[in-house]
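Please look over the model shown here, with attention to its helices, its nonpolar core and its pockets. A short briefing follows.

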Amino acid sequence: MFKHIKDMEYTVRVDRPDPRFANLLLEQFGGPHGELKAAMQYFSQAVGCNDPKLRDMLQDIAAEELSHFEMVGECIAMLLGPTDNVSRDFPAIHMALLPAGPIITNSMGAPWTAAYIETTGDLYTDLASNSSAELRAKLIYERLLQQTDDAGVKDMIRFLLSREESHNFSFLQALETLKGTGTDANFRDTEFTKKYMNLSTGAGDARGPWNQGNGIQYEENPNEKYGGPASYGQDLGADSKGEIGPGYSDSTRNNPQYTKPKAPTPNVAGQEKPVH
């Protein structure tokens, strides 16, 4: 159930119309890193999540993202100013011609699409994706701050930017509770699991914790070692432990709270339940 409260989560103030910046702010209204994308992504994940605690978190953050969507839309409408009689070179002419308010596109006019939504059903994968999504949104807001001198608008953007940081923290903390589950547990432990292939060679080759230590083996020329004719085949076969095959249950592996539905009891002729 949804209940709309007419008060904003945070008061939106605009000191003066600025249709140029209104157009830029559309990036966070209907863009791939914007508030509508975040709300739809987290709601989609929540309805498929059987962990009650993580489901609650996803619903809370999704609902807040819708509040931010409303704030950004209100700010855009105020930045547009009166649109009854605008000049031919009005910087946001597409909004003046159509709704006289924000349209669900990015700042370049590309329409919002469900293709922006990233959800897999694997809790570890989805929360990691959500954390990255919050950082991308934060980055856009940081860049938008550089494009306006309006004190009220900057105040709103700083609030939204801070909330992106908060959501990122929540997702990272939730990820810690899922260590060793879902895709985080899906290492097959073959000889290729912890190899680093140095395939961009030459001046500037670098070493760090991503390619050394922790049991990682650094391979200079993997093609010479593994890429020969038909003799290649040292990876584990289809019947090996951890391999996906018959009997594999994605729901059980990715969601410990999953309860397999009971199979319906077949009707036996002559024993059908009466219909009233």
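Helices (H or I, at least four residues) and strands (E, at least two) are DSSP runs, numbered from the N terminus. This is a predicted model, in which local features need pLDDT of at least 70 and side-chain atom pairs count only at pLDDT 80 or more, while totals for chains, interfaces and linings use all residues. Residues are numbered from 1 along each chain as its sequence is written, and side-chain values use heavy atoms, with hydrogens and water left out.

**Fold**
- The protein chain has nine helices and two strands, which follow the pattern α-α-α-α-α-α-α-β-β-α-α along the sequence.
- For the 26 residues of helix α7 (residues 151-176), 1.5 Å a residue gives an expected span of 38 Å, and the end C-alpha atoms are 38 Å apart, which agrees; the expected span is 1.5 Å times one less than the number of residues.

**Burial and core**
- Of the 276 residues of the protein chain, 36% count as buried (under 20% relative accessible area, 1.4 Å probe, protein chains only).
- The largest nonpolar core (buried Ala, Val, Leu, Ile, Met, Phe, Trp, Tyr and Cys residues joined through side-chain atoms within 4.5 Å) has 30 residues, of which Leu25, Cys75, Ile76, Leu79, Met95, Met156 and Ile157 touch the most other members.
- Helix α4 gives the most to this core, with seven residues.

**Largest pocket**
- A pocket is an open set of points on a 1 Å grid over the protein atoms alone, where a 1.4 Å probe fits, with protein on both sides within 12 Å along at least five of seven lines; lining residues have an atom within 4 Å of a point.
- Helix α4 (residues 52-80) gives the most to the lining of the largest pocket, with five residues.

Note on methods. Buried means under 20% relative accessible area, exposed over 50%, partly exposed in between (1.4 Å probe, protein chains only).
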